[in-house]
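Here's a walk through a two-chain model, one piece at a time. Keep the structure open while you read.

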Amino acid sequence: MTGVLASLGALLPAPGELLGIVLLSLVVSGVAIVISMLVGVPVGIFLGLHRFPGRAFLVTLVNTGMGLPPVVVGLGVFLLLARSGPLGGLDLLYTPGAMVLAQVVIATPLVVGITLAAIQGLDERLHLQILSLGASRTQLYLKLVKEARLSLVAALAAGFGSIISEVGAVMMVGGNIRGQTRVMTTAIVLETRQGEFASAIVLGVVLLALALGINWLFTWVQQRKPA
Amino acid sequence: MSLVALRGVEVVRDGKTILSLDGLALREGELLALLGPTGAGKSTLLRVLHLLDRPAAGVIEWRGVPVAWPAPIDLRRRIAMAFQDPLLFSGTTLENVLYGLSVRGVPRGAAREKAEEALRLLRVDHLSHRRARTLSGGEAQRTALARALVLRPELLLLDEPFAALDAPIRRHLLEELTQVVKAHGITCVYVTHEQGEAFSVADRIAVLRRGQLLQAGAPEDVLLRPASRAVARFMQTGNVLAGVVSRRTEALSEVVVGERLLFSRTVLAKGTPVDACVRREEILVEPPAGGAPAPGLNRFPGAVESVVDHGATLHVRIDAGFPAGPLQALVTRRVAHDLALRPGHPVEATFSASSVHLIPREGSPDDDLS
C-alpha cells in the first residue's frame, strides 16, 4: 500500500505546485462567479420584472450567451486584451485577471438566464404584494432574491460548474504559464499532450473531487430545510 | 374631506384606455365594495389607488393634496393590499407578518409585539412559528390579512381576498374582517364578485364596467335605483322593460310598454323613453283574481312559462304579454307548492308602483354588461 501511494505521489506535480494549481483554479473561478452573480442576478431580476422595447432581443442575447463556446469567448477576450486590442493598455493578457474576465463572460449569461427564469417562475403578483407592503425598489429586489434563492443557488452551481471545468478560454487568455496561470484544466491538457496520462488522471480526479465537494455544498444550501 | 379622490384618471395600456374615471372619492373610514364583471378594470383601479401605477391622465388626491409622481414611499406606506391568493413568503407565519414592519425600519422588539397582536386579532397566533406555506387556505388568508393590518394602513385594498375559500369560512372571515376594519377606522376598498358579500359589508357600492364607473352609491340605491340598464342587469334586477312615459301625475308616472301600462313612483316628464326596472323578488305571484287592481298597483295576468328550482327559491318566468319577453319572479318554495306552479299554469304577477324604478334611456337598449 505504501508502495502504491509512493508511486502515485511520483506521478503528481510537486505538492506545492499542485496546491498552487488548485488554489489558482478556485480563486479564478471563485472571483469570476462572484462577479457574475453580482452582475447577473440584478440584470436577471430586471429582465424578469420589466417590459420595455428591446427586451425580447436582450433575452435572446442572454439565451444565446448561455451556450457560448468557451473558445469563442477566449478568442474575443484575447482580441480585446491583445496589445493592439482596445484594452491592450491594461496589460492583462496571460494573467489571472484575463482568465477571470473570460470566465465572467462565460458564466454571466448563465446566471442572468437562470435568474430570469427563476423570477418569471415566481407568481407574477408576488412583486406587487411585496411593493404593497411598503417595500422600496431595492427591498423588492432583495425579497425576490430571497424568495427565488433555490433557483439562484442553481444559477451559482451552473455558473461555477461551467467555468471551473472550462479549458479553451483560460488556455487562450491565460497561456497556461507554470506557476502563474496554470489551472487544473490547462494542467490536465498539458499532461495529456506530454503523454503523462497518469498525472492527467490524478489531476482529473482532484478536479472532479473538488467539483463534487463544491456542488455538495451548493446542494446542501439549496435543499436544507429552513430553520 | 375624502381620503383619496381620483379626478379624470385614465390608465392606458398598449395604446388602449383600460380605466377612465371622471371622479371617485373614498370617504374616511368607509368600506367601499367594488363590483364588476371580469375585465372591468377593478384590479387596475386598485393599483392606481395604491399609487403603484401612474395614470396617463388625471389627478389623484390624498386628503385633498395632489399626489406627485413617482408616489413618495411614505405615502405608499399608508396603504396596504391583500389579494385573492395569500401570496405568503417563505418563512414562518410570524416572519410574514413582520415583513412590512421590517421594511419600515420598525425596531425588532416593537415589530414583534405588533405582529403578535395582529396574529391574535386574526386568530392565528398559535400558528406563528409554522412554515407559512404549510397553512390551510383559511389560515393562510388570515395570515395575509394580519400582514396587511399590522401596518395599520389608512387605506386597505382587498382584491377578492376570500374568493378561493369555502362559503362558511368566507362568511366568517368577512365578518371578522369587517369588525376589525370598522373598529380601527380603516378606509377599505373591497373587490368582490359576490353581490351578497358586498351588501353585507359595504357602506357604499361602486359598479365598474369596461374601465368606467357606472354607479357609486348606497347599497340600496345601487340595488333598487340602478343608474343605467347595465347596472340593472349586473345587479340581477331581472326585469328591464323598455317603454315611454305616457302620463305623469304628482306622484306617479304611467309608462307604456308595448300594449301594457305600468305605474311607477319615479316621476319623469311625459314622452321620456325609459327602462322600467322591476326586481324579481318584488313581483308577487298569485292565483288569477280578476277585477281592476288598486290605484298605483301593477297587476298582469299571464301564464307560467317555466319554473327553475334554485333550492330555497324558485325562478318563475311568466308570459304576461310584454314585448321584451316573460316577466321574471322569485318565489319561495312554499308559494310554488301552494300555487302548484308549472308551465301553462294561469297566474297574476303583481307589484307596486314603488317597485318600478325608471331610468331615462340613453344609448342602445342592448347596452349590457359583457
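## Before we start

A quick bit of vocabulary: two strands count as paired if DSSP finds at least two bridges between them. Keep in mind, too, that this is a predicted model.

## Strand 8 of chain B and its neighbours

Start with strand 8 of chain B, residues 187-191. On one side of the story is strand 3 (residues 31-35) of chain B, which runs parallel to strand 8 and is joined to it by four bridges. If you want a spot to click on, B:L34 sits opposite B:V191 of strand 8. Strand 7 (residues 155-159) of chain B also runs parallel to strand 8, this time with five bridges. There, B:L156 has B:C188 as its bridge partner.

How do strand 7 and strand 8 of chain B fit together with helix 6 of chain B? The three make a right-handed β-α-β unit, with helix 6 covering residues 167-183.

Is strand 8 of chain B mostly covered or mostly open? It's covered: five of its five residues are buried. In a regular strand, side chains alternate between the two faces of the sheet. Here B:T187, B:V189 and B:V191 point one way while B:C188 and B:Y190 point the other, and all are buried.

## The five-stranded antiparallel sheet

Further along chain B, five strands line up as an open sheet in the order 13-12-11-14-20, with antiparallel pairing. Strand 13 (260-264) and strand 20 (356-360) sit at the edges, each pairing on one side only. Ignoring direction, neighbouring strands of this sheet are turned by 40 degrees against each other on average.

Now for the pairs inside that sheet. Strand 11 (residues 238-248) and strand 12 (residues 253-257) of chain B share four bridges in the antiparallel sense; B:V245 is matched there with B:V255 of strand 12. Strand 14 (residues 273-279) of chain B is hooked to strand 20 by five bridges, again antiparallel, and B:D275 stands opposite B:I359 of strand 20. Strand 20 may be an edge strand, but four of its five residues are buried.

## Chain B as a whole

Zooming out, chain B has 10 helices and 20 strands. Its C-alpha atoms fill a box of roughly 80 × 45 × 35 Å along the principal axes. Of its 370 residues, 41% count as buried.

How much of the contact list in chain B links residues 24 or more positions apart? Among contacts with a separation of 6 or more, such pairs account for 67%.

## A helix in chain A

Over in chain A, take a look at helix 11 (residues 197-223). It has 27 residues, so at 1.5 Å a residue it should span 39 Å; the end C-alpha atoms are 37 Å apart, which agrees. A:S199, A:L203 and A:L207 of this helix are buried.

## Where the chains meet

The contact between the chains takes 14 residues from chain A and 18 residues from chain B. On the chain A side, helix 6 (126-132) and helix 7 (137-147) each supply at least two residues. Which of the chain A elements gives the most? That's helix 6 of chain A, with five residues.

As for chemistry, the chain A side is a mix: six nonpolar, five polar and three charged residues.

Note on methods:
Residues numbered from 1 in each chain as written. Chains lettered and ligands numbered in written order. Predicted model: local features only at pLDDT ≥ 70, side-chain atom pairs only at ≥ 80, totals over all residues. Contact = placed C-beta atoms within 7 Å. Nonpolar A, V, L, I, M, F, W, Y, C, P; charged D, E, K, R; others polar. Axes fitted to C-alpha atoms, helices over the stretch in contact; angles between N-to-C directions. Buried ≥ 20, exposed ≤ 12 C-beta atoms within 10 Å, placed from the backbone. Expected span 1.5 Å × (residues − 1). Right-handed = clockwise from strand over helix to strand, strands pointing away.
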